[in-house]
Amino acid sequence: MTCLNAETHSMLDHSVDQFTESEYRFEQRQHIQLQHQGQAPKHWQHFADMGWLGIAFAEEQGGLGGDIADTLGLMRRFGRALVTEPYVVVVGLAGQLIAGGSNETLSETLLPGIICGERRVILAGNEADARGNPYCIGVLAEADDSGYRLSGEKTEVLFARGASELVVSTRSSGSWCSPEGIDLFVLPLDTPGVTVTEYPMMDGHRGANVSFDGVTVDASRRLTAAGAAGPLLARVQQGATLMLVAEALGIMETLLDKTLAYTRARKQFGVALAEFQVLQHRMADMYIELTNTENLFRQTVARVDTSQGDAGARISRLKARMGLAGRYIGQQAIQLHGGIGMTDELDIGHYFKRLTALDILMGGTEFHIKQIWQQSLAGPAAV
Amino acid sequence: MTDLDSFREQTRAWLEENCPQSMRSPFRSDKDVCWGGRRWTFQSEDQRLWLERMADKGWTAPDWPTEYGGGGLSREEHKILLEEMARIQARPPLNSFGIWMIGPALLKFGSEALKQQHLPPIVRGEIRWCQGYSEPGAGSDLAGLQTRAEDKGDHFIVNGQKIWTSYADKSDWMFALVRTNPDVKKQEGISLVLFDMETPGVSTRPIKLISGQSPFCETFLDDVRVEKDQVVGEVDKGWSIAKYLLTHERSMIGNMGSTAAGQKTLPQHAAEALGLEHGKLADPMLRAEIADWAVEAQAYELTAERVRDQAKAGQGVGNTSAMLKYAGTELNKRRHELMIALYGSDAMIWEGEGWREQGLPQQWARSKGNSIEGGTSEIQLNIIAKNILGLG
Amino acid sequence: MQKLVLTEEQQMLRDAAHSLFQEQGPVSQLRKLRDDKDELGYAPSFWSQAVELGLAGTLIPESHGGSSFGHVGMGQVMEEGGRTLTASPLFATGVLGASALMLAGSEQQQKRLSDMTAGSHFTALAIDESGRHAPSRVTTRAETKGDGYTLNGHKTYVVDGHIAHTLIVSARTGGADRDENGISLFLVDPKATGVTVTRTIMADGRNAAMVDLKDVAVEADALLGKAGEGYATLQSVLDIGNAHLAAELLGLASEALDRTVVYMQERKQFGVRIGSFQALQHRVAHLWSDLELLKSCVLKALMALDADDSDASALASLAKAKASKVAELATNEGVQLHGGMGMTDEYDIGLYLKRARPVQLLLGDQRYHADRYATLRGF
């Protein structure tokens, strides 16, 4: 369900299209990759000026009063242009966790800066053996007199460069993958004991290992009641997953369009590739995969309320479907482009790599199918 | 003791004496491979010695005739040599498109003069070769190539562009398919020519892939002079030679489906990544997919073996190279997809110190090219349908 | 290492079997047996020819009139029989029964082998108790009674159950329902008091039955091998059975492909032969590729059995798993590519579809065997 009206959506879509058409053509994107590691300072400021950073925050907090569903048009357009700015991480993950927590002081302090583009807060959630499960947390938060001591390591933390703070998911009690006993803390990246080691990821985004060694943090930096952050984490994760699927749809429809155009233009054996029946059927199959995913996406968005946290099974189904469709469409796009599809110079391979990354982020297809399976064993009402 | 037995004894003794210790281990990386050529810098004195000694015996090309520098070995002797080398884990002294591709073509189709000119330097690893076949407009439809060779009496002037030439920027000579007659059916106007990469007008540019750096290059030919005596076989009759070489190339690429000796198998990777519960992989969904893959993998290995055995016994069907290439490359791609699934987000790390499985996303991205290079999977299926099933 | 090629003798046996099945046991024979609701479920005219050719004794030693030709040889026969869908007691008797007796039979029990070679004594393996093959899941009980036993239980999908002279039954003398230990094998006379054999008509029109055992009394000499230790023998018999079923599926799938290609070369639509449509060409080309992969697995498994190779179990599961997958694809594609005609009873292709599934499921399908292969390979 979206909160903003149709006119606002129309304006948002239009403004994003304008941005991507003038500032984010493929050559420009490649330039940003080389010169700015994928994050151009002027772009983030533009996002703030256009109000995009505030779409999913309440008006009292300085936002537009919409929710995650209202960002999906923008996300799809970002997918079409392969935008590598940290929108999902800052707005969809860290920002939503801060806004959705019970720590009003923190949200009053941090949100205005996030929305106006001055402050970038990221999420350190993933760990080496979590395999997509946000509850599998080994980073410990041990309470002592002054607050908490954090220890452990997070992996594939995205967009640490240029970020001022991070939200970290920690475990204060309970077993490794228990939904209870989880705490979220916000702390500056330059806190003593926090070490960041960056590296490039396959899709052009930048990741990092963030280790916590004797890091002390005050209880006032905790986002929820003690040990009770599990439900908030799950809810926000679900919303962010929708954003990733929207991005993936933008990529998939672009790949199909480009593949159609290429096979119509490229000639071998005296005819256009698009004349060969096998390739026609292949593209028809790509279209079917895309349409199925699109339909499930619309249905899911219509039925899910991202302010609640009960959409797990629906979101898992959508994510699994997206993963399968993405693998097929990405794979075929490369295959049908032949040799040049393999070159770094052409955009196809870059779309394909990002699509693969989107499958893995927030749990891959196998993870979500298992989730669906477990839920279906719990009974029909659960699904 | 038979002749073969004494050959084995002698070979074993010679290897023991002449193969340097550091050459008695598998390659740890691509950097260890010796390609030879005019511009080659040896990694070590041992690498140079090993090449020199094997080349002296002609054992870089063991089954080539001795009059061209080859080893002159029979099939059985060649097999024994390979077994004895494997026994001490002796690495091949030379990787060479000269030995694998243009050499066999010259032996079968080349003039005596060309054989004398080119084969001995190939054997000695002095000249490094590259292949100029595909063009931007001629990929699957290779016969549609347009690089033009104009007849100027005692030589040709060649203009055009080649693409996907492996190691062109490091090679000394090229064997290329050019159009010598634009007025006949396309397959009937093609010649296979040889020229030095130092010839004026030859330039190269490397191609970066989605998997990162690659050996592929674009090669530009601007008014390049090629001598008439450097045509392999006859003018306008190069297409049949090309087909002969393409079948060979297919088998080389198809073999990527196999796990090289010393490499971890997919189930081994899975056991490390997922752990075992009661002796079975802890993730039932991935276990099912890996079990299915493992069945296909052994079926492929057995088929490669059976095709070889049948060929030796004089049985078997032609065009199995198309089937092996198709099955092998699709198998390899599935393997890499499963590796990504096994390592999850860790598999997305492009570069990083201390990460235990280096190069995963690069290898995965590179594997997508397997079903494209050397004839796409779609082309292989066309070949099977047409030549074996008699359709179309 | 042995070469993956047939010897001249194996090739000759294959050729002889080919002629026999094509001439004496063509597909039309199965049709007639089915349409007539034939009592026996096989044609004695075919069987007597097969026996005369020595096929029933392919695995049986010369001491009992057989030829000890071996598994590769028998596999060629099974493959050729798969092409013509010929109904015969060859598998249940000549493969399963013969193997069980040779592996675990006493001298007295092995006396049957001569009649089996002569084609006059039939056996049937009765081991499964549910729809999906689960050889260690045995609830049929064998209680000791004096020197003998009393059997109680129910067996399903007993191939050739209604024509068998000897049933080979797995029953539990000890252990819990799913234990491998405690399983025993018994030779049971179907005419004995308490044995009820109910013939079932399967989708493929071939012979199978349910067997009920109610207080069936057997003597001590009915025990095949040692009490409680029958599972190892059973697994060996199953490995052999699966390798040969894989061979049959190879023949079946190959024939399905051949007939499909012929159809594609003849059938015209849109003014051209449907065989000229690239999408269809690719589908059959893929099938051909898959069949080549299967051939290698089947041959390797059969050779491993002949050589008593320690890897034979894994290879048998490899072959059956791959064969099941390929047969499923080949028969599905066969019907699909025949279009509407593929759905008619008149066309033979549907018979191939209906024969493939029961054979896939008999003694374990692709899922069962992929799982077993993975377990044997250590993961």
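Student: Why does C:Asp311 count as partly exposed?

Tutor: This is a predicted model, and in it C:Asp311 has a relative accessibility of 24%. Buried means under 20% and exposed means over 50%. The value for C:Asp311 lies in between, so the residue counts as partly exposed.

Student: What makes C:Asp311 and C:Arg377 a salt bridge?

Tutor: Their side chains meet at 3.0 Å, N to O. The limit for such a pair is 4 Å, so this one qualifies. The two residues come from distant parts of the chain, 66 residues apart. C:Asp311 is in the loop between helix 8 (278-306) and helix 9 (312-337) of chain C, while C:Arg377 is in the segment after helix 11 (366-376).

Student: How do you know which class C:Arg377 belongs to, buried, partly exposed or exposed?

Tutor: Its relative accessible area is 33%. That is neither under 20% nor over 50%, so C:Arg377 is partly exposed.

Student: Which residues of chain C are joined by salt bridges that share partners?

Tutor: One network holds C:Arg31, C:Arg34, C:Asp35, C:Arg83, C:Glu255, C:Asp258, C:Arg259, C:Asp345 and C:Asp348. Over all chains, the search finds 75 salt bridges.

Student: What makes A:Lys154 and A:Glu127 count among the salt bridges?

Tutor: Nitrogen and oxygen of the two side chains are 2.7 Å apart. This is within 4 Å, so the pair counts. A:Lys154 belongs to strand 3 (residues 148-154) of chain A, and A:Glu127 to the loop between strand 1 (121-124) and strand 2 (140-143), with their positions 27 residues apart in the numbering.

Student: Are A:Lys154 and A:Glu127 buried or exposed?

Tutor: Both A:Lys154 and A:Glu127 are buried.

Student: How do you know that B:Arg48 and B:Glu45 form a salt bridge?

Tutor: The closest N and O atoms of the pair are 2.5 Å apart. With a limit of 4 Å, B:Arg48 and B:Glu45 therefore form a salt bridge. Both lie in helix 2 (residues 45-56) of chain B, three residues apart, about one turn of the helix. An α-helix has 3.6 residues a turn, so residues three or four places apart point the same way.

Student: Why do B:Arg48 and B:Glu45 both count as partly exposed?

Tutor: B:Arg48 has 27% relative accessibility, and B:Glu45 has 45%. Partly exposed runs between the limits of 20% and 50%, so both residues fall into that class.

Student: Why is B:Arg75 called exposed?

Tutor: Its relative accessibility is 63%. Exposed means over 50%, so the name applies to B:Arg75. B:Arg75 lies in helix 3 (residues 75-87) of chain B. Together with B:Arg308, B:Lys312 and C:Lys3, B:Arg75 forms a patch of positive charge on the surface.

Student: How do you know that the length of helix 4 of chain C agrees with what is expected?

Tutor: Helix 4 (residues 71-84) has 14 residues, which at 1.5 Å a residue should span 20 Å. The end C-alpha atoms are 20 Å apart, so the two values agree. As for cover, 14 of the 14 residues are buried. The helix is followed by C:Leu85, whose phi is positive, near 55 degrees.

Student: How does helix 7 of chain C do on the same two points, span and cover?

Tutor: Helix 7 (residues 230-266) has 37 residues and reaches 54 Å from its first C-alpha to its last, close to the 54 Å expected. Helix 7 is mostly covered, with 30 of its 37 residues buried.

Student: Why is A:Val157 called buried?

Tutor: A:Val157 has a relative accessible area of 1%. Buried means under 20%, so A:Val157 is buried. Its place is in the loop between strand 3 and strand 4 (165-171) of chain A.

Student: What makes A:Asn103 count as buried?

Tutor: The relative accessibility of A:Asn103 is 12%. That is under 20%, so A:Asn103 counts as buried. A:Asn103 is found in the loop between helix 5 (87-100) and helix 6 (104-115) of chain A.

Student: Why does A:Gln37 count as partly exposed?

Tutor: Its relative accessibility is 27%, which is between 20% and 50%, so A:Gln37 counts as partly exposed. A:Gln37 is in the loop between helix 2 (26-36) and helix 3 (41-49) of chain A. Its phi is near 50 degrees, a positive value in a residue other than glycine.

Conventions
Residues are numbered from 1 along each chain as its sequence is written. Chains are lettered from A and ligands numbered from 1 in the order in which they are written. This is a predicted model: local features need pLDDT of at least 70, side-chain atom pairs count only at pLDDT 80 or more; totals for chains, interfaces and linings use all residues. Side-chain values use heavy atoms; hydrogens and water are left out. Helices (H or I, at least four residues) and strands (E, at least two) are DSSP runs, numbered from the N terminus. The expected span of a helix is 1.5 Å times one less than its number of residues. Buried means under 20% relative accessible area, exposed over 50%, partly exposed in between (1.4 Å probe, protein chains only). Patches are made of residues with over 30% relative accessible area and no salt bridge: like charges are joined within 9 Å, nonpolar side chains (Val, Leu, Ile, Met, Phe, Trp, Tyr) within 5 Å. Accessible areas come from the Shrake-Rupley method with a 1.4 Å probe; for residues, only the protein chains shown count as cover. Lys and Arg count as positive and Asp and Glu as negative; His and the chain ends are not counted. The place of a charge is taken as NZ of Lys, CZ of Arg, CG of Asp or CD of Glu.
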